[in-house]
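Trainee: I would like a close look at a single part of this structure and how that part packs. Please give the cut-offs as you go.

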Amino acid sequence: MAWIYLLIASVFEVAFALGTNATRGFTRLWPSVFTLLAAAGGIFTLSLALRTLDVGVGYTIWTGIGSIGTVVLGSVIYKEKITTPKMAAFAMIIAGALVLRLGSGG
């Protein structure tokens, strides 16, 4: 169940990051409300996941999925470019998360 909570927390993390861009410095009400709710949801579900998972593993995977999801969806929503260095960074993030997962024993 912890991994499901972590995946849900990661979705909230992506929503938070993308929503923060839409707030324009928290000057727009509804994007700001959305962003704050996404942040709260992400922290809450991350805390549920960390009841079972090691904090180093859970937090790293949460931020890794959040980073990758934000870059991918940022390219779709905000027309940001995905470059070769970004693709290499994706590969390193995924590899690092896999090594952490395999090394955690759970």
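Mentor: What follows takes the first helix, α1, and its surroundings. The model is predicted, with local features requiring pLDDT of at least 70 and side-chain atom pairs counted only at pLDDT 80 or more, while totals for chains, interfaces and linings use all residues. Residues are numbered from 1 along each chain as its sequence is written, and side-chain values use heavy atoms, without hydrogens and water.

The setting comes before the helix. The protein has four helices and zero strands, where helices are DSSP runs of H or I with at least four residues, strands are runs of E with at least two, and numbering starts at the N terminus. The order along the sequence is α-α-α-α. The C-alpha atoms fill a box of roughly 45 × 35 × 15 Å along the principal axes. Of the 106 residues, 31% count as buried, meaning under 20% relative accessible area with a 1.4 Å probe and protein chains only. Among contacts (heavy atoms within 4.5 Å) with a separation of 6 or more, 64% join residues 24 or more positions apart.

Now α1 itself, residues 2-23. From first C-alpha to last, its 22 residues reach 31 Å, close to the expected 32 Å; the expected span is 1.5 Å times one less than the number of residues. R24 follows the helix and has a positive phi, near 55°.

The buried residues of α1 are A2, L6, A9, S10, E13, V14, L18, G19 and T23. Their cover includes α2 and α3. In turn, α1 and α3 (55-77) are among the elements that cover the buried residues of α2, a helix of 21 residues at 29-49. Those buried residues include P31, T35, A38, G41, T45 and L48.

The packing of α1 on α3 can be described further. The two axes, lines fitted to C-alpha atoms over the stretch in contact with angles from 0 to 180 degrees between N-to-C directions, come within 8 Å and cross at roughly 45°. That makes α1 oblique to α3, because an angle under 35 degrees would be roughly parallel, over 145 roughly antiparallel and 65 to 115 roughly perpendicular, with the rest oblique. On the α1 side, the contact includes W3, L6, L7, E13 and L18, and on the α3 side V57, I61, W62, I65 and L73. The residues of this contact divide into 13 nonpolar, six polar and one charged, with Ala, Val, Leu, Ile, Met, Phe, Trp, Tyr, Cys and Pro as nonpolar, Asp, Glu, Lys and Arg as charged, and the others, Gly among them, as polar.

Technical notes
Buried < 20%, exposed > 50% of the residue type's maximum accessible area, 1.4 Å probe, protein only.
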